[in-house]
Amino acid sequence: MTVAIVRFGGSNCDRDALRALESVGVDAEIVWHEDGLPEDVTGVMLPGGFSYGDYLRAGAMAARSPIMNDVRDAAADGVPVLGVCNGAQVGCESGLTDGAFTTNESARFQCEHVHLRVENADTPWTAGYEPGDVISLPIAHGEGRYEIDDDRLTQLETNDRVLFRYCDEDGDPSVDANPNGSKHNVAGVLGERDTTAVLMPHPERAALADVGGTDGRPLLEGFVRAVDAE
Amino acid sequence: MTAYTATVTVRLKHGVLDPEAETTQRALERLGFDLEDLRAADRFEVDLDAEDEAAARDRAGEMAERLLANPTIHDYEVAVAERDA
């Protein structure tokens with residue numbers, strides 16, 4: 001199996017993603033967006049960074065590049081697709097997932113460790129956690145505030161589409177534990193299928209014990225689980 | 001064909017927080033200005049040729065739908081004026 005890590009001009013977490021995926025036993029390669037998805041792709045990761053310099057809105061340009069048609073087709077076929085940080089912004093802009101990630105409430109770029117509560121552990125991405133588990137991952141974004149209208153948010157919550165919420169170390173999704181003003185502390189959501197997920201925090205920066213902890217490893221192993229489940 | 005300029009104004013939907021506008025407002029207040037509120041918007045001026053004003057408006061509207069605005073957070077409006085080609 002090979003997971004394609006899609007590199008756009010301005011992606012900067014692609015090599016971290018490659019190393020992290022390899023460390024959990026996922027075969028991956030970096031794919032330049034103009035080259036399209038390889039035929040035999042078994043997963044897609046949209047990495048973090050600042051594709052197209054965040055022109056217009058974070059993720060807006062990359063979401064409309066031709067490779068995203070391939071990515072949407074793959075996601076519809078059940079190929080696992082994970083968007084992280086800028087990849088999450090691209091995912092929402094391209095319609096892979098509902099909602100939008102926009103300017104942090106603070107209007108500042110924020111780079112810090114946050115706690116996340118696992119809201120739905122019945123997905124390939126979270127099967128390595130227990131429901132309600134509190135994990136720690138880093139964030140690094142200026143536009144990570146999850147916005148969506150109330151009706152659609154209710155729909156997401158009713159249909160168990162919320163994957164993670166920002167919380168304190170005890171798992172309470174309080175206002176104080178919300179780093180960017182996201183609605184209902186939402187940090188990551190699922191797409192139409194459980195195999196499509198986006199989140200602002202960086203699991204690939206928490207995959208090696210010596211660098212940032214290992215709480216992100218089970219999430220990255222989702223690529224293996226999603227393929228096994230097919 | 002007639003030459004038009006379509007002006008597309010994209011703004012956040014009512015009720016969506018705009019931290020940059022709030023920061024700008026605070027900076028104006030720090031400069032001593034007295035103001036009630038401040039809203040920011042993006043304006044795109046698109047020069048195009050079209051059969052008539054309605055066609056120019058439709059095309060600019062589609063640009064807003066497909067790229068210039070994000071319907072989750074934005075409203076937009078289109079104004080069309082003839083342009084000296």
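In this predicted model, α4 (86-93) and β5 of chain A each contribute at least two residues to the lining of the largest cavity. That cavity holds about 60 Å³ of space, and a search of the whole structure finds 1 cavity of 30 Å³ or more. From chain A, its lining takes in Arg57(A), Ala58(A), Gln89(A), Cys92(A), Glu93(A), Ala100(A), Phe101(A), Thr102(A) and Glu143(A). Chain B is represented in the lining too, by Asn70(B) and Ile73(B). Sorted by class, the residues around the largest cavity are 5 nonpolar, 3 polar and 3 charged.

With both chains lining the cavity, it is natural to turn next to the interface itself. Here 16 residues of chain A are in contact with 14 residues of chain B. The size of an interface is often given as the accessible area lost when the parts come together. For chain A and chain B, the buried area is about 1,200 Å², with 60% of it on carbon and sulfur atoms. On the chain A side, the residues that lose the most area to chain B are Leu56(A), Arg57(A) and Arg64(A), which together make up 35% of what that side buries. Arg57(A) thus appears twice in this account: among these three residues and in the lining of the largest cavity.

What kinds of polar interaction are counted between the two chains? There are 6 residue pairs in polar contact, both residues being at pLDDT 80 or more, whereas the count of salt bridges between chain A and chain B is 0. Two strands of chain A, β5 (100-102) and β8 (145-147), give two or more residues to the side that touches chain B. Strand β5 of chain A also supplies at least two residues of the cavity lining. The chain A side of the interface comprises 5 nonpolar, 4 polar and 7 charged residues.

Turning from the cavity to open space, the largest pocket contains about 410 Å³. A total of 22 residues line this pocket, and those nearest its centre are Thr103(A), Leu12(B), Glu20(B), Asp42(B) and His74(B). In chain B, β1 (2-12), α1 (19-30) and β2 (41-50) are the elements that give two or more residues to the pocket lining. Of the elements, α1(B) gives the most, with 4 residues. The lining of the largest pocket divides into 11 nonpolar, 4 polar and 7 charged residues.

Methods
Residues are numbered from 1 along each chain as its sequence is written. Chains are lettered from A and ligands numbered from 1 in the order in which they are written. This is a predicted model: local features need pLDDT of at least 70, side-chain atom pairs count only at pLDDT 80 or more; totals for chains, interfaces and linings use all residues. Side-chain values use heavy atoms; hydrogens and water are left out. On a 1 Å grid over the protein atoms alone, a cavity is a set of points where a 1.4 Å probe fits but cannot get out, and a pocket is an open set with protein on both sides within 12 Å along at least five of seven lines; lining residues have an atom within 4 Å of a point. Grid points are joined across faces, edges and corners, and a volume is the space filled by probe spheres set on the points. Ala, Val, Leu, Ile, Met, Phe, Trp, Tyr, Cys and Pro count as nonpolar, Asp, Glu, Lys and Arg as charged, and the others, Gly among them, as polar. Contact means heavy atoms within 4.5 Å. Buried area is the accessible area (1.4 Å probe) that two parts lose on being put together, summed over both. A salt bridge is a side-chain nitrogen of Lys or Arg within 4 Å of a carboxyl oxygen of Asp or Glu. A polar contact is a pair of N or O atoms within 3.5 Å; within protein, one must be able to donate a hydrogen and the other to accept it, and residues adjacent in sequence count only if both atoms are side-chain atoms.
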